[in-house]
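Student: I'm new to this one and would like a close look at a single part. Could you pick a residue, walk me through its surroundings, and then show me the ligand site too?

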Amino acid sequence: MRQKVIIGNWKMNNDKKETEDLLLKLSKINCKKEIKVKVSPSYVNLESAVKILENSPIEVVAQNMHYEEQGAYTGEISYKMLKCINVNSVIIGHSERRMIFSENDDIIKRKINTALNNEMDVIICFGESLEDRNKKKHIEIISKQLDVIISDLKINQWKQIILAYEPIWAIGTGVNATPKQAQEIHKHVRAEIAIAFNKSLADSVPILYGGSLKPNNSEEIFSKPDIDGGLIGGASLSFEDFNSIIKSIDKK
Ligand code: PEP
């Protein structure tokens with residue numbers, strides 16, 4: 001059975017106190033072993049998040065990192081800095097990084113390589129724009145993005161990888177992909193991994209959906225066979241909503 005995963009991406013939200021209040025509430029929830037919950041606070045709150053969640057199975061994830069180990073990169077953070085505070089997972093390729101911070105395929109690929117080569121787990125995001133979808137080019141675009149992500153990966157690196165399909169038009173808009181639209185992409189991605197590697201590997205990779213997931217749509221989206229959980233932005237800022245989404249994956 002594939003790992004079910006729920007990740008809260010808090011982006012540039014929540015100050016220290018708000019972060020700690022939310023973490024304290026989350027630290028008390030009982031999650032079943034087969035459900036992996038992760039949260040991604042801002043950089044400045046990562047260390048206290050690790051401490052607060054010390055005795056909880058919830059894992060702390062960084063929202064980004066640089067591909068170099070150290071050097072003259074003002075404002076950047078390296079994998080070494082993350083690992084020395086016990087943050088061993090990172091989100092890479094989020095559409096906000098691609099669009100607002102001009103991260104191209106080359107940068108994303110380098111970041112993925114650095115993370116994987118340094119024993120970090122990686123949540124890799126991809127997804128089409130509304131224009132791509134309206135032109136019915138979404139499958140083609142997803143295949144291209146996936147190709148960049150998976151070309152030259154080694155089989156044993158897949159255990160460090162979680163994929164997240166995040167259609168750009170659904171992120172923060174309140175318009176989610178329908179369960180059918182999301183399932184179509186997830187199934188396609190799994191089929192491409194099976195061709196490039198093998199079916200049993202493809203069947204083992206967790207593929208999350210992200211984009212306006214809320215308590216009122218998560219259960220139906222998670223019910224689809226190739227959707228293994230969610231990457232959640234806005235709704236993960238509310239303890240009640242995030243907890244309710246965590247509970248809904250349990251019904252899968
Ligand atoms: C995200 O930013 O990864 C995301 C899915 O955001 P939201 O849930 O707010 O659409």
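Tutor: Let's start with what Arg-98 touches: leaving out residues up to four places away in sequence, its contacts are Gly-93, Glu-103, Asp-105, Ile-108, Cys-125, Phe-126, Gln-145 and Ile-149. Keep in mind that this is a predicted model. Arg-98 itself sits in helix H4, which covers residues 95-100. Is Arg-98 buried or exposed? Its relative accessibility is 18%, and because buried means under 20%, Arg-98 counts as buried. One of its contacts deserves a second look: the side chain of Arg-98 reaches the backbone oxygen of Gly-93, at 2.8 Å.

Now step along the chain to His-94, which brings us to the ligand. An N or O atom in the His-94 side chain lies 2.8 Å from an oxygen atom of the ligand. Lys-11 joins in as well, with a polar side-chain atom 2.4 Å from a ligand oxygen atom. With Ser-212 the backbone does the job: one of its backbone N or O atoms is 2.8 Å from an oxygen atom of the ligand. How much of the ligand does the protein bury? Taken alone, the ligand exposes 300 Å², and the protein buries 97% of that.

As for the wider shell, there are 14 residues around the ligand, and those that come nearest are Lys-11, His-94, Glu-166, Gly-172 and Ser-212. Sorted by class, the shell has eight polar, four nonpolar and two charged residues.

Methods: Residues are numbered from 1 along each chain as its sequence is written. This is a predicted model: local features need pLDDT of at least 70, side-chain atom pairs count only at pLDDT 80 or more; totals for chains, interfaces and linings use all residues. Side-chain values use heavy atoms; hydrogens and water are left out. Helices (H or I, at least four residues) and strands (E, at least two) are DSSP runs, numbered from the N terminus. Buried means under 20% relative accessible area, exposed over 50%, partly exposed in between (1.4 Å probe, protein chains only). A polar contact is a pair of N or O atoms within 3.5 Å; within protein, one must be able to donate a hydrogen and the other to accept it, and residues adjacent in sequence count only if both atoms are side-chain atoms. Contact means heavy atoms within 4.5 Å. A residue is near a molecule or strand if one of its heavy atoms lies within 4 Å of it. Accessible areas come from the Shrake-Rupley method with a 1.4 Å probe; for residues, only the protein chains shown count as cover. Ala, Val, Leu, Ile, Met, Phe, Trp, Tyr, Cys and Pro count as nonpolar, Asp, Glu, Lys and Arg as charged, and the others, Gly among them, as polar.
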